[in-house]
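How are two packed helices described? The paragraphs below take up that matter for a predicted model, and then turn to the burial of a single helix.

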Amino acid sequence: MNGMSDVASTNGKVAPNEAAEGAEVLAVVCRFDGAKLQWTAIGEPAKKVRLSKHSGKNWKLVIGNEDLSLAEVRSVSNLGPDFLVLDMFAKGHMGLKCEDHARLKSFLEELSKRRADYERFEQYEENSVQSYFQYYAKCTNQQNMLQDGVRTTTYRRAIVENPDDFEGKTALDLGAGSGILSFFSVQAGAEKVYAVEASSMGEVVRALADGNSFLGPKIVVVNRPLETITNEVDGKVDVLVSEPIGTFLFNERMIESYLVARDRFLKPGGKMFPNAGTLCIAPFSDAMLHYEQQNKNAFWKNTDFYGIDLTPAVPRCTKEHFRQPIVDYINPECLVSQCVEKRFDFATVSVEALQNIDMEFEFRISQPCLVHGLAGWFDAYFEGTNQTVLLSTAPWCPGTHWYQIRYLLEVPLAVNAGQVIEGTLKMEANNLQSYYIKLFMRIKGTDISSQNDCIDLKDPEYRFYSSANTYVPPGTGAPGAAQQQPQQTGQVMPGTPQSQLQYQQAHFAQTQSAAYVASVGQQ
């Protein structure tokens, strides 16, 4: 399947790839006169001010003949029924005076709605955001990410092996963390790198840069969220680098900030590392996994718990367990068809397109089996001028801390070899920095189907730690297994099974903590 296929418009909403025209007003552009302390018309005739969207692109604010990205609009204020004030990062304050009060009100409502996609952290639950930044502000967790050998080595290769994209250039590293991608960019020849890190880890980036003489003069630490940057970044940059990737590519919704950085700070034709990502899905058959999930309600089958019959809670408990995606490594032998892919080009995809992601599929089953659900993973692409580097999390590749993921059907489908399963995977963004997922699967040409109507991507079951039956890829440490320390240095070396295991354990702990905080906040 090709990336970002068109989706029909429904319920008055505009599909991600459709062109559209939004609200429009005729307004006089005004500037604030500091000497007179009043708004004054700039002396030009009234202009059309409208919201517009080209096919496959973000919504834009069009003032006369000038197109402005909504990422450039910091805030909108209503000073009266006939006057709006736009506060823009590059242009400062601009007043719009319109005599048609009803149209201006409608314009304000739609502009505020469209801008919400660019106010990433304001639209999320406060507890979710707090947990997110607390986790990434700790050196221990940054260390664990650095010790994920597949991740770190692949990023370094992608950057250092593309010198034409970095030599003498200005780069911006979004979500810099420890600053490692900023440092790789300098190693590749970048003249200046803006290391944008919202958490207090920005202090560590500065310390490391100052402690390495070849880095210090070239690293500019911007210790605030990207969405709040004003004049800390001077103009546009030549290249963006970032590791905005979550489970199944889009969990944590960091890629949306990556796209905002593209719209605000990347020069036309500038490079992005990574520049694309692909979601991959395939049906799987795993009787042991399904049995484990089906029987996690065993406690609630107690008919005499201190004189209480607990069985009325069994259906609820069962649904809760099937609502959880399973995050672990998948034995490739469990896959019963070729995968379907959907590519997302980060250079062109819009922020709005990531609010609802649909994947339609057809799979020809290779063997008679019970299909227990859908497996998923992702690939990230670094298509540079000199080299193309691929970061794959597929089941047949070396294990990473992203693992793979599985979405279960409570009622599996019995399928013969050669039959086709069709259906859809629908992802709907939520305010917990993640997605709710709906899965529908049907044997083509029949009315036999099964579905899971609400899977919570933010609340996974980390089976790699919870089950003795989990699959462990070659070269990956088993959970809880004793690992031997490298001799002499006593340090855990990047890429070793132990370093990978440490990252996985820390990531597991953080996920469980975040899920707990979110659940408490909803009580």
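A crossing of two helices is called left-handed if the near helix is turned anticlockwise from the far one by less than a right angle, and right-handed if clockwise. By that convention, the crossing of α4 and α5 in this predicted model is right-handed. Two packed helices are described by the angle between their axes and by the distance between those axes. For helix α4 (residues 149-160) and helix α5 (residues 180-187), the axes come within 9 Å and cross at roughly 35°. On the α4 side the contact is made by Thr152, Tyr155, Arg156, Ile159 and Val160, which meet Leu181, Phe184, Ser185 and Gln187 of α5. By residue class, this contact of α4 with α5 divides into 5 nonpolar, 3 polar and 1 charged.

A second pair lies further along the numbering, where helix α8 (residues 287-294) and helix α9 (residues 314-323) have axes that come within 9 Å and cross at roughly 140°. Angles over 145 degrees would count as roughly antiparallel, and α8 and α9 are therefore oblique to each other. Here His290, Gln293 and Gln294 in α8 meet Thr318, His321 and Phe322 in α9, and the residues of this contact comprise 1 nonpolar and 5 polar, with no charged.

Helix α2 (residues 126-136) can be read through its burial, since an α-helix is a regular repeat: there are 3.6 residues a turn, so residues three or four places apart point the same way. The buried residues of α2 are Ser128, Val129, Ser131, Tyr132, Tyr135 and Tyr136. Seen down the axis of α2, these buried residues fall within an arc of 165°, so they line one face of the helix.

Technical notes: Residues are numbered from 1 along each chain as its sequence is written. This is a predicted model: local features need pLDDT of at least 70, side-chain atom pairs count only at pLDDT 80 or more; totals for chains, interfaces and linings use all residues. Side-chain values use heavy atoms; hydrogens and water are left out. Axes are lines fitted to C-alpha atoms, for helices over the stretch in contact, and angles run from 0 to 180 degrees between N-to-C directions. Helices (H or I, at least four residues) and strands (E, at least two) are DSSP runs, numbered from the N terminus. Angles under 35 degrees count as roughly parallel, over 145 as roughly antiparallel, 65 to 115 as roughly perpendicular and the rest as oblique. Contact means heavy atoms within 4.5 Å. Ala, Val, Leu, Ile, Met, Phe, Trp, Tyr, Cys and Pro count as nonpolar, Asp, Glu, Lys and Arg as charged, and the others, Gly among them, as polar. Buried means under 20% relative accessible area, exposed over 50%, partly exposed in between (1.4 Å probe, protein chains only). The arc is that of the directions from the helix axis to the C-beta atoms.
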